[in-house]
Amino acid sequence: MTIPLVQTYRIARYILEQKLKGNKRYPLVLMLEPLFQCNLACSGCGKIDYPDEILRKRVSVEDALKAVDECGAPVVSIPGGEPLIHKEMPQIVEGIIARKKFVYLCTNALLLEQKLDQYTPSPYLTFSIHLDGNRERHDKAVDREGTFDRAVSAIKAARARGFRVTANCTLYAGEDPEDVANFFDYAMTLGIEGVMMSPGYSYQHAPKQDVFLGRRKSKELFREIFKAGKKRKSKWHFNQSSLFIDFLAGNQSYQCTPWANPTYNVFGWQKPCYLLVDEGYATSFKDLMESTDWEKYGVGRNPKCDNCMAHCGYEGTAVEHTIASPLTALNVFLFGPRLDGEMAPELPVLHGGQAPGVAIPVDRIGGLTRRD
Ligand code: SF4
Ligand code: SF4
């Protein structure tokens with residue numbers, strides 16, 4: 001299974017409308033963070049290190065739907081924190097679906113089975129389940145035994161009731177390509193639509209700092225994983241564009257387009273993206289688009305971005321490239337990304353090196369986020 005045709009059609013129609021209006025920067029996916037509180041404390045998480053009074057805050061149903069309307073993106077991703085902790089999440093989801101937007105509710109699934117009754121299967125609703133690998137790897141990444149089994153049980157329960165389900169897999173340092181390939185094989189047996197994968201962003205305030213991959217290492221890892229995949233019988237499905245996958249495999253020199261995935265959370269509209277949290281907030285979506293100095297961000301432009309290959313920054317770029325070069329995208333879709341030879345060059349580094357007061361390791365692993 002891949003992304004349903006109706007979803008592809010609506011997104012394509014939306015992009016065409018934006019092009020016809022002459023919009024240079026437009027949102028594709030709203031990242032709606034309704035809370036930062038979580039029932040896990042994963043090693044690579046950069047979202048939960050807030051004081052209690054912030055963790056207790058919730059985006060209200062009214063504010064969430066206002067953000068959806070202001071933004072106008074055809075897809076709304078709801079990460080967190082753990083969205084299922086939010087008591088009004090069913091109303092938020094219902095309101096978004098009523099607007100015919102496609103919702104990806106990102107959850108670690110610990111609460112999913114007990115809350116499934118609060119939701120109705122719909123082509124507009126997908127549960128995106130956090131699974132960072134096979135049982136051992138996932139339970140280690142989330143720092144709690146038994147989490148993998150509960151997530152898998154919840155996936156099966158959701159699929160049995162007819163819900164759309166994907167898996168959201170973040171890769172960290174020390175991954176074994178064969179293990180990841182085994183996990184993708186297993187994930188395909190669960191009846192999910194696909195896996196969304198990304199190298200972990202190096203949040204400065206994540207509980208552990210030695211878990212993050214550098215850019216070059218990320219690309220090498222993805223090439224090895226895809227090589228392992230070529231020897232497998234099962235066909236993997238990814239919930240991502242083929243050119244984003246080509247980018248992960250080191251074949252594209254993309255610049256970030258953070259406006260494609262704007263973020264709204266308990267602080268307001270976060271500049272410039274879902275990952276950076278110390279760059280200020282805007283009071284409205286219009287204010288975000290107009291007052292953010294977009295040219296300050298992206299690989300080579302800002303030390304905080306140099307290690308980033310996250311889909312919230314580069315999937316929008318890949319979609320733009322797909323529109324400009326559909327045959328290139330089709331070629332990758334049909335035959336997979338190139339896995340040997342030179343990688344596409346990195347964009348030139350235009351910033352002066354490191355952010356004030358912060359040392360950047362030789363391989364530029366250090367990410368610099370969060371206020372101190
Ligand atoms: S990564 Fe997700 S599941 Fe893990 S602590 Fe952070 S918000 Fe919770
Ligand atoms: S490169 Fe990454 S961290 Fe920087 S603006 Fe883009 S998405 Fe955000």
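A residue counts as near a molecule when one of its heavy atoms lies within 4 Å of it. In this predicted model, that rule picks out a ring of neighbours around ligand 2: Tyr201, Cys256, Pro272, Cys273, Leu275, Leu276, Tyr297, Cys305, Cys308, Gly313 and Tyr314. Sorted by character, this shell holds ten nonpolar residues, one polar residue and no charged ones. Glycine goes with the polar group in this scheme, so Gly313 takes that one polar place. The space that ligand 2 takes up is also the largest cavity.

Ligand 1 has its own set of neighbours, namely Cys38, Leu40, Ala41, Cys42, Cys45, Ile48, Gly81, Asn108 and His130. Here the split is six nonpolar, three polar and, once again, no charged residues.

Each shell also includes a residue that takes part in an unusual peptide bond. As a rule of thumb, most peptide bonds are trans. Around ligand 1, the residue in question is Gly81, which is joined to Gly80 by a cis bond with omega near 10°. Gly81 sits in the loop that runs between strand 2 (75–78) and helix 4 (89–98). Around ligand 2, it is Pro272, and the bond linking Lys271 to Pro272 is cis too, with omega about -15°. Pro272 is found in the loop between strand 8 (268–270) and strand 9 (281–282).

Two backbone angles stand out as well. Most residues other than glycine have a negative phi. Lys100, however, has a positive phi of about 60°, and Ala109 has one of about 75°. Lys100 belongs to the loop between helix 4 and strand 3 (102–107), while Ala109 belongs to the loop between strand 3 and helix 5. As for their surroundings, Lys100 is partly exposed at 47% relative accessibility, whereas Ala109 is buried at 3%.

Next come the charged side chains, which make 21 salt bridges in total. One of them pairs Glu295 with Arg25, with the closest N and O atoms 3.0 Å apart. These partners are 270 residues apart in the chain: Glu295 is in the loop between helix 11 (285–291) and helix 12 (311–324), and Arg25 is in the loop between helix 1 (5–20) and strand 1 (29–32). Glu295 is partly exposed, with a relative accessible area of 47%, and Arg25 is partly exposed as well, at 27%. The pair also has company, since Arg25, Glu295 and Arg301 are linked in a network of salt bridges.

A second salt bridge joins Arg161 and Asp117, whose closest N and O atoms are 2.5 Å apart. Arg161 is in the loop between helix 7 (147–160) and strand 5 (164–171), and Asp117 is in the loop between helix 5 (112–115) and strand 4 (125–130), so this contact ties together parts 44 residues apart in sequence. Arg161 is partly exposed at 42%, but Asp117 counts as exposed at 63%.

A third example brings Arg215 and Glu346 together, at 2.9 Å from N to O. Because Arg215 lies in helix 9 (residues 215–230) and Glu346 in the segment after helix 13 (326–335), the pair connects parts that are 131 residues apart in sequence. Arg215 is buried, with a relative accessible area of 8%, while Glu346 is partly exposed at 38%.

Finally, there is Asn302, in the loop between helix 11 and helix 12. Its relative accessible area is 9%, so Asn302 is buried. The side chain of Asn302 reaches the backbone nitrogen of Lys304 at 2.9 Å.

Definitions and conventions. Residues numbered from 1 in each chain as written. Chains lettered and ligands numbered in written order. Predicted model: local features only at pLDDT ≥ 70, side-chain atom pairs only at ≥ 80, totals over all residues. Heavy atoms only, no water. 1 Å grid on protein atoms, 1.4 Å probe; cavity = no way out; pocket = protein on both sides within 12 Å on 5 of 7 lines; lining within 4 Å. Sits in = over half its atoms within 2 Å of the grid points. Salt bridge = Lys/Arg side-chain N within 4 Å of Asp/Glu carboxyl O. Helix = DSSP H or I, 4+ residues; strand = E, 2+ residues; numbered from the N terminus. Buried < 20%, exposed > 50% of the residue type's maximum accessible area, 1.4 Å probe, protein only. Polar contact = N/O pair within 3.5 Å; in protein donor to acceptor, adjacent residues only side chain to side chain.
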